Each structure stands twice: as structure tokens, then as C-alpha cells.
Amino acid sequence: MLQIAVTGKPNVGKSSFFNSATASKVEMANYPFTTIDANKAVAHVITKCPCKELDVTCNPHNAPCFEGTRLIPIELIDVAGLVPGAHEGKGLGNKFLDDLMQAKVFIHVIDASGSTDEEGNPVDLGSHDPLDDIEFLEHEIVMWMYGIVSRNWVRLVRKVEAEHLDISRVIFDQLSGTGIALEDVIEALRTVSPDFGKWEEEDLQLLVKNLLNIAKPSLIIANKADLPGARENIERIKEKYPNVIATSAESELALVNAARVGLISYKSGDSSFEILEGDKLNDNQKKALEYIQTNILDVYGSTGIQKALNEAIFDLLNMIVVYPVSDEHKFTDQKGNVLPDAFLVPKGSTPREFAYIIHTDIGDKFMHAVDARKNMRISSDYELCDGDIIRIVTHG
């Protein structure tokens with residue numbers, strides 16, 4: 001299951017984001033280091049299920065379907081708040097940087113209203129610049145990984161030159177356990193001077209920064225978007241950074257909880273909600289719902305939580321959804337279940353690669369594949385498309 005790390009300094013709404021995205025319960029309080037272990041839970045990205053298009057009733061196994069919307073499971077890791085100097089062991093130190101590296105993409109939650117200082121302590125609204133928080137987190141992660149890559153660097157360079165080793169392989173070995181692929185290292189090396197024997201600290205840090213952008217892309221979550229001054233800050237942030245989403249995690253939590261007990265009709269990602277039990281709402285609840293509609297949904301189109309998850313997986317990681325079947329005529333598995341499974345697959349994957357994603361044995365026995373929609377055989381180098389329904393034909 002793909003992992004997303006939810007990170008940022010303390011007291012910016014990380015746990016609220018985590019809770020609203022996963023419907024789990026994580027302790028929330030208005031002080032730093034509420035989260036002292038990396039919490040993990042399942043969230044979902046959403047996509048259109050083919051069942052409506054094909055006029056069939058699906059029998060989901062690994063990914064639920066609600067009214068034609070498929071929920072694909074992913075795993076969120078709620079990483080404890082980082083503070084400046086974390087790469088040197090300050091705050092809760094390197095443990096949480098280790099937790100970060102287990103994920104494929106980082107969701108960086110910031111306080112867009114500027115009402116918390118650099119260590120997460122409450123301050124006057126708007127007195128702190130959230131842009132500083134983005135820069136500090138990037139610096140902490142870069143310096144932490146730089147510390148790993150630069151360890152014994154002079155000795156490693158001598159060894160590479162003396163033994164004619166592959167520098168990309170040596171750096172990859174240094175980063176063992178971080179989830180970074182050799183291909184990522186090779187790509188990052190193209191962005192710096194090839195004369196690694198003359199690299200200074202700045203060159204190595206630039207390599208690490210570029211490598212992180214390639215291997216561990218970040219999505220900035222501008223939380224508390226409804227508070228005064230937040231909209232102006234969000235526009236400033238968008239001018240400098242490409243992947244920014246305005247959110248209100250507390251609003252999403254309120255809507256999800258109200259929907260759970262039947263007071264409103266609401267699905268994560270919706271731009272509005274319908275009140276079902278108005279007579280059961282007190283005045284404060286009605287005012288809260290009206291506030292959310294006016295200050296979040298009408299302004300930003302949603303609370304931003306579901307949008308953030310989808311953008312992290314489908315845009316930053318460039319994934320698509322593919323459905324494997326055993327019977328291309330009925331779109332079923334061997335037990336007769338219609339469209340039972342939905343897999344997240346890297347865009348550009350081939351049927352053979354998809355077979356290995358399903359199971360190693362299926363990949364090893366791969367013969368060819370069939371496009372179930374067109375009922376025709378496809379080549380082994382065919383580039384899978386989002387929403388494809390594929391039958392893998394194996395031997396043995």
C-alpha cells in the first residue's frame with residue numbers, strides 16, 4: 001500500500017488532517033509534541049468506477065465503491081512535529097525524519113494564518129510568516145539526508161576513482177533504507193556537475209535537494225484557510241511553490257462527524273452538504289455549519305482534504321487505477337465477482353509490469369494481456385491507461 005507522510009511543525013493541524021482523512025482517532029491538543037509516535041491509518045483516494053459506464057453492479061474487494069465512486073486505500077503516516085534543528089537531534093530529533101523516509105510523498109501541513117511560531121507555540125494571529133515554515137522543513141530534510149550522503153564522502157570518492165565504481169550506485173548504497181530508487185539517484189545526478197571529485201558541500205546539498213524533489217515530492221497543505229489573513233498568505237505561497245492546497249481540517253472533521261451521525265449528507269471532497277436532521281441541530285451547530293459553507297466550501301470549493309490526497313497520489317506520484325479481471329466478457333474474477341479489485345499503478349506501466357504488481361507468480365507466468373473493454377489482445381509493451389480493465393493470461 002502506498003504511504004504518505006503527513007508532516008510539519010507542531011500545532012498546525014496535522015493530527016486534524018490525519019483524523020479527517022482516515023476517520024481514526026489521534027490525540028489532538030494545543031501544545032507541541034502531542035504526537036510522539038508515527039501513527040498509521042488507512043485513507044482513500046477517489047476515482048470514478050467503471051461500473052456505471054458498463055452498467056454493472058460491482059463487488060469490491062480491496063477498494064469500496066459508493067454510487068460509482070471507487071475508494072482506493074492508501075496509508076497515511078502522521079509524523080510528529082519537526083522543529084528547527086531536528087536534523088541535529090533537537091525537539092524529537094532524527095527518529096521522525098526516519099519515519100518520513102518510509103513514505104513515497106510528503107504532505108507538509110502549515111498554518112496559513114501565521115498564528116503559531118517556528119516551534120508551534122500559539123502567537124498573535126498573522127505574526128508569523130508561514131513561508132518560513134516551508135523553508136525550514138525543506139532545510140531540515142535536506143540537511144538530514146545530506147548528513148547520510150556526506151558520511152565518509154572523501155573516502156568514498158577516493159574509492160570510486162581508484163576502483164572505477166559507479167558513483168550513482170555508491171550514493172544509492174549510502175541511502176539504503178530511505179526508499180529511494182537507483183533510478184532516482186541517476187536522474188538527480190544529471191542536475192549537478194559530473195565532476196563529483198570536486199564537489200563542495202553546496203554541490204552535495206544541491207544533489208540531495210534535487211533527489212528529494214524527484215524521489216519524495218512534497219505537497220503543501222495551507223491549513224486553517226478560513227482564518228483572517230490566510231487567503232493572502234496562500235496566494236503568496238502559491239507564487240513561490242507549485243503544489244499548494246488550501247484546507248480546513250477542522251471543518252472536514254466537523255462535516256465527517258455530522259454525516260456519520262446522520263445530521264447531514266456529505267462526502268469528502270463535496271462542495272456543499274445537505275442538512276437531514278435540522279430539528280436535531282442546536283443554534284451553535286447550525287452556525288458552525290453555516291460558517292463552514294460560507295468561509296470554506298464557497299471560497300475554496302471543498303475543505304481540501306480529499307483534494308490533497310488525490311493530488312498527492314495521482315499528480316505528484318503520477319499513478320493511475322487499473323482493474324484486473326479473469327473473465328473479460330463479464331468483468332469478473334474467478335469467483336464471479338464483478339470488478340473486485342482496483343490497483344494503483346505508475347503511469348506508463350505495461351501489462352507485464354502490472355502482472356508483477358498483482359503478484360510475483362502472475363508476473364513470472366505472464367504470457368499476454370487482454371483489454372476487457374475492447375475484448376482484444378494487447379501487446380506486452382502497451383502503456384496502461386487510467387481506468388483500464390485488464391485480463392492477464394498466464395501459462396502453467
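These are my notebook entries on a predicted model, covering its sheet, one helix, salt bridges, cysteines and a few single residues.

**Ground rules**

I number residues from 1 along each chain as its sequence is written, and side-chain values use heavy atoms, with hydrogens and water left out. As the model is predicted, local features need pLDDT of at least 70 and side-chain atom pairs count only at pLDDT 80 or more, while totals for chains, interfaces and linings use all residues.

**Entry 1: the sheet**

I started with the strands (E, DSSP runs of at least two residues; helices are H or I runs of at least four, and both are numbered from the N terminus). Five of them, in the order E11-E10-E14-E12-E13, make an open sheet with mixed pairing. I count two strands as paired if DSSP finds at least two bridges between them. Which strands stand at the edges? They are E11 and E13, each with a single partner strand, so one side of each has no neighbour in the sheet. On average, neighbouring strands here are turned by 45 degrees against each other, direction ignored.

A reminder to myself: strands of a sheet pair through backbone hydrogen bonds, either parallel or antiparallel. I then looked at E10 and E14, which run parallel and are joined by 3 bridges. Val325 has Arg391 in E14 as its bridge partner.

Helix H13 (residues 351–358) lies across E10, E11, E12, E13 and E14, and runs at about 135 degrees to E11. For such angles, axes are lines fitted to C-alpha atoms, for helices over the stretch in contact, and the values run from 0 to 180 degrees between N-to-C directions.

**Entry 2: salt bridges**

My criterion is a side-chain nitrogen of Lys or Arg within 4 Å of a carboxyl oxygen of Asp or Glu. How many salt bridges are there in the whole structure? The search finds 10, and I followed up three pairs, with burial noted for each residue. Buried means under 20% relative accessible area, exposed over 50%, and partly exposed in between (1.4 Å probe, protein chains only).

- Arg391 turns up again here: its side chain meets that of Glu328 in a salt bridge at 3.4 Å, N to O. Glu328 is in the loop between strands E10 (319–325) and E11 (343–346), Arg391 is in strand E14 (residues 389–394), and the two are 63 residues apart. Glu328 is buried at 11% relative accessibility, whereas Arg391 is partly exposed at 28%.
- Glu53 pairs with Arg373, with the closest N and O atoms 3.0 Å apart. This salt bridge links helix H2 (residues 51–54) to the loop between strands E12 (366–371) and E13 (376–378), across 320 residues. Glu53 is exposed, at 52%, and Arg373 is partly exposed, at 33%.
- Lys209 pairs with Glu138 at 3.6 Å between the closest N and O atoms. Lys209 is in helix H8 (residues 201–215) and Glu138 in helix H4 (residues 130–149), 71 residues apart. Lys209 is partly exposed at 34%, and Glu138 is partly exposed at 31%.

**Entry 3: helix H7**

I listed the buried residues of H7 (residues 182–189): Leu182, Asp184, Val185, Ala188 and Leu189. Why do I say that they line one face? Seen down the axis of H7, they fall within an arc of 160 degrees, so they line one face of the helix. That arc is taken from the directions from the helix axis to the C-beta atoms. What covers these buried residues includes helix H6 (167–174) and H8; contact means heavy atoms within 4.5 Å.

**Entry 4: cysteines**

With a disulfide taken as a pair of cysteine sulfur atoms within 2.5 Å, the search of the whole structure finds 0. Cys65 has its nearest cysteine sulfur, that of Cys58, 3.7 Å away. Cys65 is buried, at 19%. The sulfur of Cys385 is 17 Å from the closest cysteine sulfur, in Cys49, which is too far for a bond. Cys385 is partly exposed, at 39%.

**Entry 5: single residues**

Thr47 is in strand E2 (residues 39–48) and is buried, with a relative accessible area of 16%. Leaving out residues up to four places away in sequence, I found that Thr47 touches several others, including Arg70, Phe314, Tyr323 and Asp386.

Pro10 is in the loop between strand E1 (3–7) and helix H1 (14–22). Is Pro10 buried or exposed? Pro10 is buried, at 3% relative accessibility.

Glu235 is in helix H9 (residues 230–240) and is partly exposed, at 46%. Its C-alpha is 9.8 Å from that of Ala246, 11 residues away in sequence.
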